[in-house]
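Me: I would like to learn how to read a protein structure step by step. Could you take me through it slowly, giving the general idea before the particular case?

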Amino acid sequence: MADSLPALAFLGAGSMGGAILRGVVASGITIDGGIIATNRTQEKADAFADLDGVTSIALESQPSASADAAASARIVLVGVKPAMVPDLLREIAPRLASDAIVVSLAAGVTLQTFADILGADVRVIRSMPNTPSTIRKGVTGLAAGPAASDEDLALVHRLFETVGAVVEVPEPKIDALSTISGSGPAYVFLLIEEFTKAAVEMGFADADARLMVEQTFIGATALLDASDVDPTELRRRVTSPKGTTERAIAVLQDAHLDRTFADAAAAALARAKELAAGA
């Protein structure tokens, strides 16, 4: 990985844009030309004012800040809400540098929408990061538009590598990827919530229940990360024949978790398609 990236502009540093922004800063990588972040209110802008190397601007005090930031950046990340994307693109279109790469963080907004407003020759890459990017443990899906070169994609790939793993996919796979890595952290947190409730029902104090469950998940995923075997084998090593874990696993399998997770991913994908259609 190179030691630096070109100038960045985060237009809308909300929950996802803010996660990526904080992750990039935490990585320590040098940004040639610095980072500019814009948000609508001063309160939101102030949330990033303490980040080293970041100029955080409120649109309520500088209405032209997004267009100005876009003009000065090589990589322009569009992080506003999906419904706000078209107006923002129309605002920045005349100001983009000829070699600018526009990166979408907006769920459900297609590459075609960007091309229709910015022009077919503008380099656009659609991204789907997740919130663990804040702590540089994220997963980001990338889909390149037709005007983006291999070098453009490699540069944006390197940007998102500063905050975790990167998967390159064709655009039709982006929504499916969002149901796995994008929504996936919520699935894990739900499992932790329910497992903690079970511990409390067995008589453990709330604090002890949280400690046991959360550290079990953290430890299990760390073991997986450090291991050279797959989750099935790691599960087998915990599951002694005719033991307590085997009995518990049987109950979970009888609950058809395989179907439940497949149905959950399908429901999320259906909603992603509705959002893309403007529903």
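Reply: We will go through an annotated region, some charged pairs, a group of strands and a pocket, bearing in mind throughout that this is a predicted model.

Me: Which residues does UniProt list for the domain "Pyrroline-5-carboxylate reductase catalytic N-terminal"?

Reply: The UniProt record, an unreviewed entry, gives residues 8–108 for that domain. Over this stretch the chain is 34% helix and 27% strand, while the C-alpha atoms at its two ends lie 23 Å apart.

Me: How many salt bridges does the structure hold, and how should I read one of them?

Reply: Side chains of opposite charge can pair when their charged atoms come close. The structure holds 13 salt bridges, and one of them joins Asp 68 to Arg 95, with 3.1 Å between the closest N and O atoms. This pair links distant parts of the chain, since Asp 68 sits in helix H3 and Arg 95 in the loop between helix H4 and strand S5, 27 residues apart. Asp 68 is partly exposed, at 33% relative accessible area, and Arg 95 is likewise partly exposed, at 36%.

Me: Is Arg 126 buried or exposed, and which residue does Arg 126 meet in a salt bridge?

Reply: Arg 126 has a relative accessible area of 3%, and because anything under 20% counts as buried, Arg 126 is buried. Its partner in the salt bridge is Glu 171, at 2.9 Å from N to O. Glu 171 lies in the loop between strand S8 and helix H7, whereas Arg 126 belongs to strand S6, so the pair ties together parts that are 45 residues apart in sequence. Glu 171, at 24% relative accessibility, is partly exposed.

Me: What separates Glu 274 and Arg 271 in helix H12?

Reply: These two residues are 3 residues apart in helix H12, which means that about one helical turn separates them. Their side chains meet in a salt bridge of 3.0 Å, N to O. Glu 274 is partly exposed, with a relative accessible area of 38%, and Arg 271 is partly exposed with a value of 38%. Elsewhere, salt bridges that share partners bring Arg 74, Asp 99, Arg 123 and Asp 152 into one network.

Me: Now for the strands: how many residues of strand S7 are buried, and which way do its neighbours run?

Reply: When reading paired strands, one looks at the direction of each and at the residues that stand opposite one another. Strand S7, residues 138–144, is mostly covered, with 5 of its 7 residues buried. S6 and S7 run antiparallel and are joined by 4 bridges, and here Arg 126 stands opposite Ala 143 in S7. S7 and S8, by contrast, run parallel and are joined by 5 bridges, with Thr 140 opposite Val 166 in S8. Between S7 and S8 the chain passes through helix H6, residues 150–161, in a β-α-β crossover that is right-handed.

Me: Where is the empty space, and which helix gives the most to the lining of the largest pocket?

Reply: Rolling a probe the size of a water molecule over the atoms shows where empty space is left. The largest pocket holds about 2600 Å³ of space. It is lined by 46 residues, of which Val 188, Leu 191, Phe 217, Ala 220 and Thr 221 are the closest to its centre. Helix H8 gives the most to this lining, with 11 residues, and H7, H8, H9, H10, H11 and H12 each supply at least two residues.

How values were computed
Residues numbered from 1 in each chain as written. Predicted model: local features only at pLDDT ≥ 70, side-chain atom pairs only at ≥ 80, totals over all residues. Heavy atoms only, no water. UniProt positions renumbered as here; feature names shortened; annotations may be inferred. Salt bridge = Lys/Arg side-chain N within 4 Å of Asp/Glu carboxyl O. Buried < 20%, exposed > 50% of the residue type's maximum accessible area, 1.4 Å probe, protein only. Pairing = 2+ DSSP bridges. Right-handed = clockwise from strand over helix to strand, strands pointing away. 1 Å grid on protein atoms, 1.4 Å probe; cavity = no way out; pocket = protein on both sides within 12 Å on 5 of 7 lines; lining within 4 Å. Points joined across faces, edges and corners; volume = space filled by probe spheres on them.
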